[in-house]
Amino acid sequence: MDDEDEEDPFDVFGDDDSDSDNDNDAEQVVTSKESMEFARSLVDATNEKISHPKSESGRSTAIVSTPVSSSERNDNNDCQDRQLEDLSYLKAWENKWPDPMYKGEILLVSPLPVGGGRGYVATTPIAPGTLVLVESPMMTWPDEQIGKKLGMVSVKHLIEHPNASKIVDDLEDFYPTKEQVDRYNGNEDGTMEIGSDEYEQIPKMIQFLKSELASSAKGEESGEPNSKEKDQELLDLVELSKTLHIRSRDNTELTEIDIIRLLLVLRYNGLESGVYRHVAMLNHDDYPNCAKFLPTGGKTFSEVRTTRRVQPGESLTISYLPRVVSHASRRKVLWEQHRFDIGVKHLKGERYKMETIASSLPPSPIQGVADETLTDRIELATEELEKMQAEIEASLHLTSAATSAQTFETVKALEQTALELYKEAGEQLQNLNHILLIPILILHMDICALVLRDSSLSNSVQLGVISRQVVSAYHLLPLQKLLLGADHFDIARTTLDLADSVSQLLSRSAKTLYNLNFPSMDSFAAWSTFEHETRKEHNRIKALYPHDVEKHINV
């Protein structure tokens, strides 16, 4: 697998820079006619890729409308709506796995009333930012697998791995375990009793994968499943395991059902950077208390750090999803990829409100909702604009000065489009605190940063862009705190961006800040105090995430 940049808690903080130029006569930003026309074309391109039929009222449900020119920290968020269970009765789960490179004051226990029945819990109070786990993957993904749905190519890669015997042995304990699958496989005639949870999950997982393997092998001419081809692929992998002497823990040869189970295990337990033993024991939570960071700088190991205060007996959790999406999308993806249903009982208080549309929680696709929903369209529109932003940013490193000028016009138009997406999403959701506004606001701030790289911008245009950064960051912060907690490293990035933007406007045009009409923020002193407190909060969170991994491991 190719090296990847670390999703590092420290890289998000950026440089602590500010502009000291002075200008007390800032003008409103004036977007060029060409930029606005291009913004309209971006809107059209985005909406063309998204199904948006007319509503019953006849109003278009396109999520991005055509843009028009425009002249305290809360510690309660850390444990909001969480009821700490008494898990003192749990005992350590014994296994023969190698120890991780580092393990903090945590314990792998079973049975656990979440996930696959096992997981890590804290044994002492753990502060936010604490390193709790360092581990290298037992297997990374083959190059042929990158960018594709995880398939048999990864099972083949596993069987051919130099340490395949040990990995296959350890994976017998991963959900769905070999024991569970074997019990189901011997229970198809109903003669063996299995637990209700297994009865619900294991058969569905096996049958789903068998159906998928069959449908993926359809002949191009007949359209019928080419069962012989897929059967042969399974048989070839079974023969490969025999040739390489890869056997089950009980010393029996691998079977076709073992190969299918290995694929299930890789899908349900694998992460972007590979397959881990101990990291895989961290269960999913929509509001996790830990984050896993990708290997970086030539390192092969991943770090897991807490992002909230964790109490003794509390499960350590991460999010299995790479981006912020709606509850309906989370529920669908987790069901399809990991075969468990998160349900709705955990949605309470303000977090429930963050998911509602017009004060109601929309149904999940796994409840039989077939048509594309409003949240689907917002997520698709956001992803399309994110792709455009990423492509433009990459092109700026490769283009000439003349081409860059054209590119920056595109960036300006894209910023207007992001603003319209935010406006339309809020109106159609009828909820200005909806979770889907978070990635839109982050996108807008990132695009503003690109716009400001244009050295040809006039002073008034620069001030206008910076002021819009302030507005987006100001709206983003409370939403992030509700979702992530007050000590998450993403909050540090937003507070730094906000403090830096305010600092620039204070030094260049305080009038621009006054014109934002924020409550009780109509004086230089008020904004200076705000900037100081915001930067202080950034420094507080940054200090929670030290570069201390080398102190805990021998590398």
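A crossing of two helices is left-handed if the near helix is turned anticlockwise from the far one by less than a right angle, and right-handed if it is turned clockwise. The exercises below concern a predicted model.

**Exercise 1. Determine how helices H4 and H7 are oriented to each other, which hand their crossing has, and which residues make the contact.**

Step 1. Helix H4 covers residues 178–185 and helix H7 covers 256–269. The two pack at an angle of about 130 degrees, with their axes 11 Å apart.

Step 2. Angles over 145 degrees count as roughly antiparallel and those from 65 to 115 as roughly perpendicular, while an angle in neither of these ranges, nor under 35 degrees, is oblique; H4 is therefore oblique to H7.

Step 3. The crossing of H4 and H7 is right-handed.

Step 4. On the H4 side the contact is made by Lys-178, Val-181, Asp-182 and Asn-185, and on the H7 side by Ile-257, Asp-258 and Arg-261. Sorted by class, this contact of H4 with H7 has two nonpolar, one polar and four charged residues.

**Exercise 2. Describe the packing of H12 against H13, and then place Ile-442 within it.**

Step 1. Helix H12 spans residues 437–451, and helix H13, residues 459–484, packs with H12 at an angle of about 150 degrees, the axes being 9 Å apart.

Step 2. Because angles over 145 degrees count as roughly antiparallel, H12 and H13 are roughly antiparallel to each other. Their crossing is left-handed.

Step 3. Among the H12 residues in the contact are Leu-441, Ile-442, Met-445 and Cys-448, and H13 contributes residues including Ser-472, Leu-476, Leu-479 and Gln-480. By class, the contact of H12 with H13 has 13 nonpolar, five polar and one charged residues.

Step 4. Ile-442, which lies in H12, is in contact with Leu-476 and Gln-480 once its neighbours within four places in sequence are left aside. Ile-442 counts as partly exposed, because its relative accessibility of 28% lies between the limits of 20% and 50%. Cys-448, by contrast, is buried at 0% relative accessibility.

Step 5. The C-alpha atoms of Ile-442 and Thr-494 are separated by 8.6 Å, although the two residues are 52 residues apart along the chain.

**Exercise 3. Work out the relative direction of H14 and H16, and describe the make-up of their contact.**

Step 1. Helix H14 (residues 489–508) and helix H16 (residues 524–544) pack at an angle of about 150 degrees, and their axes are 8 Å apart. That angle makes H14 roughly antiparallel to H16, and the crossing of the two is left-handed.

Step 2. Residues of H14 in the contact include Phe-489, Leu-496, Asp-500 and Leu-506, which belong to the group that meets H16 residues including Phe-524, Trp-527, Arg-535 and Ile-541. By class, the contact has 12 nonpolar, five polar and four charged residues.

**Exercise 4. Find the surroundings of Thr-306, and decide whether this residue is buried or exposed.**

Step 1. Thr-306 lies in strand E8, residues 302–306. With a relative accessible area of 0%, under the 20% limit, Thr-306 is therefore buried.

Step 2. Not counting residues up to four places away in sequence, Thr-306 touches several residues, among them Ile-126, Pro-128, Thr-130, Asn-289, Cys-290 and Tyr-545. One of these, Cys-290, is buried, with a relative accessible area of 3%.

Step 3. Thr-306 and Tyr-545 are 239 residues apart along the chain, and their C-alpha atoms are separated by 9.3 Å.

**Exercise 5. Locate the cis peptide bonds at Pro-111 and Pro-176, and the positive phi values of Asn-251 and Asn-517.**

Step 1. Ser-110 and Pro-111 are joined by a cis peptide bond with omega about 0 degrees, and Pro-111 sits in the loop between strands E3 and E4. Another cis bond joins Tyr-175 and Pro-176, with omega about -5 degrees; Pro-176 is placed in the loop between helices H3 and H4.

Step 2. Asn-251 has a positive phi of about 75 degrees although it is not a glycine, and is found in the loop between H6 and H7.

Step 3. For Asn-517, also a residue other than glycine, phi is near 60 degrees. Asn-517 is found in the loop between H15 and H16 and counts as exposed, at 64% relative accessibility.

Technical notes. Residues numbered from 1 in each chain as written. Predicted model: local features only at pLDDT ≥ 70, side-chain atom pairs only at ≥ 80, totals over all residues. Heavy atoms only, no water. Buried < 20%, exposed > 50% of the residue type's maximum accessible area, 1.4 Å probe, protein only. Axes fitted to C-alpha atoms, helices over the stretch in contact; angles between N-to-C directions. Helix = DSSP H or I, 4+ residues; strand = E, 2+ residues; numbered from the N terminus. Contact = heavy atoms within 4.5 Å. Nonpolar A, V, L, I, M, F, W, Y, C, P; charged D, E, K, R; others polar.
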